[in-house]
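Student: I have a structure to read and I am new to it. Can we go through it together?

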Amino acid sequence: MTEIIDGNAVASDIRAGLEDAIETLADAGARPGLATVLMGDDPASETYVSMKQRDCEEVGIEPHHVDVPATAPPIDLYETMDELNENPDVHGYLVQSPVPDHVDYREVIRRVDPRKDVDGFHPENVGRLVAGDARFRPCTPHGVQRLLEAADVETEGADVTIVGRSRIVGKPLANLLIQKADDGNATVTVCHSRTEDLAVKTRRADIVIAAAGVPELVDGSMIGDGAVVIDVGVNRVDADTERGYELVGDVEFESAKAHASAITPVPGGVGPMTRAMLLYNTVKAASQQADVPVELP
Ligand code: NDP
């Protein structure tokens, strides 16, 4: 029987585990605060931002939000960020991507106070992660690690193939999984669009992690018997549904499940974990800034 790894359940446990820490911080006068900044009016970004606000409210984190008009000059966004960097009630924040074309996203990332960089994208935090001294683990890679742990999947000594080398998923995840640590110690192969014989690399892996943004790129013929499959992908494909589309992962679920020992679904796998780990990083940031130690789940 293939185990279906339930990301909603694991995320819910983490969120519940954060509530004590949030109360401890609130009692010490440091209720954690998370701000979102949205430049422009991209509907998908609006949805993501409102989900993050709602997640905060549910666990007792104070949500803050700033809208910046799509056509505003970059300096308006930077000044908003400077204010958030200074605001003691905001312990973490993020600028929702994508930003409009006239704004340099790399500059945006560099502008965030690294202590409030709950996405973990600032170069200082990337460097710390690579050095094995992470301040904040980026949310999706951390979520994948926690899913593996919850499903009792040992990474030590495992051959892991990651499909995708993005700055937000593939690269940080590869770095985390090769760390000399209990949730690392894996041997990692990182594939990308120029990789030859992708199926050879996935088929020999004990753990396959798909993060390519290509619907159902990885099918059952690419999964070795008994492998664990983590599907990070979230892709909208046209479908005869009320919304006119459905969400599919980067893995062809049914055929992959036939070979896997455990697999994450889409939706309900990595997605809820990403959201939970943002809350986790916000609580961690508040604890560090207020110098109030708390136990994190
Ligand atoms: P990017 O587009 O930034 O990166 C995709 C990566 O996949 C690139 O490294 C690219 O290679 C590689 N790739 C693309 N096509 C192929 C292919 N045919 N074979 C092998 N490698 C390929 O995507 P993200 O990392 O931002 O996101 C990946 C997926 O994960 C998306 O579906 C996204 O929606 C989803 N996602 C889900 C999250 C969640 O919480 N569940 C969070 C973040 C992302 P190259 O570098 O050569 O271009």
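Tutor: We will take the ligand, then the rings, then two acidic residues. Keep in mind that this is a predicted model.

Student: Let us begin with the ligand. How many residues surround the ligand, and which are the closest?

Tutor: Start with the shell. Here 21 residues surround the ligand. The closest are Arg-165, Ser-166, Ser-193, Val-234 and Thr-274.

Student: What is the make-up of that shell by class?

Tutor: Sort the residues by class. The shell has ten nonpolar and ten polar residues, plus one charged residue.

Student: Which helix gives the largest share of the shell?

Tutor: Helix α10, residues 270-290, does. Three residues of the shell come from helix α10.

Student: Where do polar atoms of the protein meet oxygen atoms of the ligand?

Tutor: Look for N or O pairs within 3.5 Å. Ser-193 offers a side-chain N or O atom 2.5 Å from a ligand oxygen. Asn-235 also uses its side chain, at 3.3 Å from an oxygen atom of the ligand. With Val-234, a backbone N or O atom lies 3.0 Å from a ligand oxygen.

Student: How much of the ligand's accessible area does the protein cover?

Tutor: Take the ligand on its own as the reference. Its accessible area is then 910 Å², and the protein covers 69% of that.

Student: Now the rings. How many aromatic pairs does a search of the whole structure find?

Tutor: A pair of aromatic rings is described by the distance of the centres and the angle of the planes. In this structure, the search finds zero aromatic pairs.

Student: Which arginines lie over the face of a ring?

Tutor: Arg-167 lies over the face of Phe-121, 4.9 Å from the ring centre. Arg-236 lies over the face of Tyr-245, with 4.2 Å to the ring centre.

Student: Next, Asp-55. Is Asp-55 buried or exposed?

Tutor: Read the relative accessible area. Asp-55 has 2%, so it is buried, as the cut-off is under 20%. Asp-55 lies in helix α2, residues 43-59.

Student: With which side chains does Asp-55 make polar contacts?

Tutor: One contact is to the side chain of Arg-15, at 3.3 Å. Another is to the side chain of Arg-275, at 2.8 Å.

Student: And where is Glu-156 found?

Tutor: Glu-156 is in the loop between α6 (139-150) and β5 (159-163). Its relative accessible area is 47%, so Glu-156 is partly exposed.

Student: How far apart are Glu-156 and Pro-73?

Tutor: Give both separations. They are 83 residues apart in sequence, and 48 Å apart in space from C-alpha to C-alpha.

Technical notes. Residues numbered from 1 in each chain as written. Predicted model: local features only at pLDDT ≥ 70, side-chain atom pairs only at ≥ 80, totals over all residues. Heavy atoms only, no water. Near = heavy atom within 4 Å. Polar contact = N/O pair within 3.5 Å; in protein donor to acceptor, adjacent residues only side chain to side chain. Areas by Shrake-Rupley, 256 points an atom, 1.4 Å probe, with all protein chains shown as cover. Helix = DSSP H or I, 4+ residues; strand = E, 2+ residues; numbered from the N terminus. Nonpolar A, V, L, I, M, F, W, Y, C, P; charged D, E, K, R; others polar. Phe/Tyr/Trp six-rings, centres within 6.5 Å; stacked < 30°, edge-to-face > 60°. Lys NZ or Arg CZ within 6 Å of the ring centre and 35° of its normal. Buried < 20%, exposed > 50% of the residue type's maximum accessible area, 1.4 Å probe, protein only.
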